[in-house]
Amino acid sequence: EVMVKTETILGNWSGCLLSYYSCTHDSGTFSLSKTLSPDADEHLKCLSKFPLVGPIIGSIICNWAQCQKLDFTQQLYAGIRYFDLRVATRTGSEDFFLVHTVFGPKISDLVEAVLMFLEAHSHEVVLLDLNHFYAMEMKDHELLMEYLISKFGSKICNRCYDISELTLHNLWNHRKQVIIFYQSQAARGIKEFWPAHSIVSPWPNTDQPKACIEYLNQCFSTSHTRNFKVCQGVLTPTLETIIKGLYHHGNVKTLSETLLPLLCPWIQHDHACPLTIVIADFTDKGDLIQEILALNYKRAVSV
């Protein structure tokens, strides 16, 4: 049902700039190991070395590191079109992994899921945002970039300097279906990758729902089309929040549920601007994706 609605919206709106994208925060956290990844805090790494403490820490971290339930294919068919990715190497493996304090799935799992989806839906466009890199040297970046280019090939939409040209009509005409943000100097000058300055992502950095919405109001008070802008509809747990969660079975899911009742009405008011990416935790819950689709439809019929 989501797919039908999405394609209908796109058909009505092909001459306009891309607008709202339904997106997942820490998209690869639906499947996590208990092994600490390179982005983990140094204190956690030290504590995890103790035989009795290590397994307990691993379980607690997994509880708070998981931000999504749906796997990549399920996310795509639910309406997700942007993936928030933190990438790292892993000792003893030649693969690249998605991480969030602990190791998640391989990035190749995401790539294969996206490719299969795009082959089946020629008018869909997916955004991949590789925004954090850990334990990666220049040779690792080169291998990863070569892999992405080899897999997506002609589907990649090269860096666009005039953002007004980034319409669905132009993307469809040139059969472009993937936009890749590679937020590292390693990608400088490589036309297939959009640099860090082409996308901004202000971070609320609070565990309070009202404070988060107030911050989003400030960040999205003015409209612009110079670059993509990420609306981080997420709450960040503090140490106090995590400790309280030990007694009340808290996790990112229960935290996100306190924000959703405020975030959906905020989206309905159309505060954001064109090229807005709305990310959230546990997007399988609530009506956030439907609200974003409805807002796109509202804009489409008004064109």
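# Notebook: strand E3 and its surroundings

I started with strand E3, residues 96-100, and found it mostly covered, with five of its five residues buried. A reminder to myself: this is a predicted model.

**Entry 1: the two faces of E3**

Which residues of E3 sit on each side? I noted Phe96, Leu98 and His100 on one side, and Phe97 and Val99 on the other. Both faces are covered, as these residues are all buried. The background I had in mind is that side chains in a regular strand alternate between the two faces of the sheet.

**Entry 2: the partners of E3**

Next I looked up what E3 pairs with. Strand E2, residues 82-89, runs antiparallel to E3, and three bridges hold the pairing. I picked out one of the partners: Ala88 is bridged to Phe97 in E3. E2 and E3 make a hairpin with six residues between them. In that turn I noted Gly92, whose phi is positive at about 90 degrees.

Then I turned to strand E4, residues 102-106. E4 is antiparallel to E3 and joined to it by three bridges. Here His100 stands opposite Val102. How many residues lie between E3 and E4 in their hairpin? I found one residue between them, and Thr101 in the turn has a positive phi of about 75 degrees.

**Entry 3: a salt bridge beside the hairpins**

I stayed with E4 for its charged side chains. Lys106 forms a salt bridge with Asp95, with 3.3 Å between the closest N and O atoms. Lys106 belongs to strand E4 and Asp95 to the loop between E2 and E3, so I logged a link between distant parts of the chain, 11 residues apart. Are the two ends buried or partly exposed? Lys106 is partly exposed at 32% relative accessible area, and Asp95 counts as partly exposed at 30%.

**Entry 4: other salt bridges**

My count for the model came to nine salt bridges. I followed up two more pairs by name, recalling that side chains of opposite charge can pair when their charged atoms come close.

Glu124 and Arg81 meet through their side chains at 2.7 Å, N to O. Glu124 is in the loop between helix H5 (107-120) and strand E5 (126-134), and Arg81 is in the loop between helix H4 (72-78) and E2, so this pair ties together parts that are 43 residues apart in sequence. I checked how covered they are: Glu124 is buried at 2% relative accessible area, and Arg81 is buried at 5%.

Glu119 pairs with Lys155, where the closest N and O atoms are 2.7 Å apart. Glu119 lies in helix H5 and Lys155 in the loop between helix H6 (138-152) and helix H7 (168-173), so the pair ties together parts 36 residues apart in sequence. The two ends differ in cover: Glu119 counts as exposed at 56% relative accessibility, whereas Lys155 is buried at 15%.

**Entry 5: Ser27 and Asp26**

I moved on to the loop between strand E1 (21-24) and H2, where Ser27 lies. Is Ser27 buried or exposed? Ser27 counts as buried, at 0% relative accessibility. I also compared its position with E3: Ser27 and Val99 are 72 residues apart in sequence, with their C-alpha atoms 9.7 Å apart in space.

What does Ser27 touch, leaving out residues up to four places away in sequence? I listed Gln68, Phe72, Gln75, Tyr82, Phe83, Asp84 and Leu85. Closer along the chain, I found a polar contact of 2.7 Å between the side chains of Ser27 and Thr24.

Asp26 is found in the loop between E1 and H2 as well. I flagged Asp26 for its phi near 45 degrees, a positive value in a residue other than glycine. Asp26 is buried, with a relative accessible area of 3%.

**Entry 6: Phe282**

I made a similar note for Phe282, which has a positive phi of about 45 degrees although it is not a glycine. Where is Phe282? I placed it in the loop between strand E10 (276-280) and helix H11 (288-302). Phe282 is buried, at 9% relative accessible area.

**Entry 7: a nonpolar patch**

Last, I looked at the surface. Which residues form the nonpolar patch there? I wrote down Leu47, Phe50, Leu52 and Val53, which together have about 400 Å² of accessible area. Leu47 lies in helix H2, residues 42-47, and is partly exposed at 39% relative accessible area.

Notes: Residues numbered from 1 in each chain as written. Predicted model: local features only at pLDDT ≥ 70, side-chain atom pairs only at ≥ 80, totals over all residues. Heavy atoms only, no water. Buried < 20%, exposed > 50% of the residue type's maximum accessible area, 1.4 Å probe, protein only. Helix = DSSP H or I, 4+ residues; strand = E, 2+ residues; numbered from the N terminus. Pairing = 2+ DSSP bridges. Patch = residues over 30% accessible without salt bridge, like charges linked within 9 Å, V, L, I, M, F, W, Y side chains within 5 Å. Areas by Shrake-Rupley, 256 points an atom, 1.4 Å probe, with all protein chains shown as cover. Salt bridge = Lys/Arg side-chain N within 4 Å of Asp/Glu carboxyl O. Contact = heavy atoms within 4.5 Å. Polar contact = N/O pair within 3.5 Å; in protein donor to acceptor, adjacent residues only side chain to side chain.
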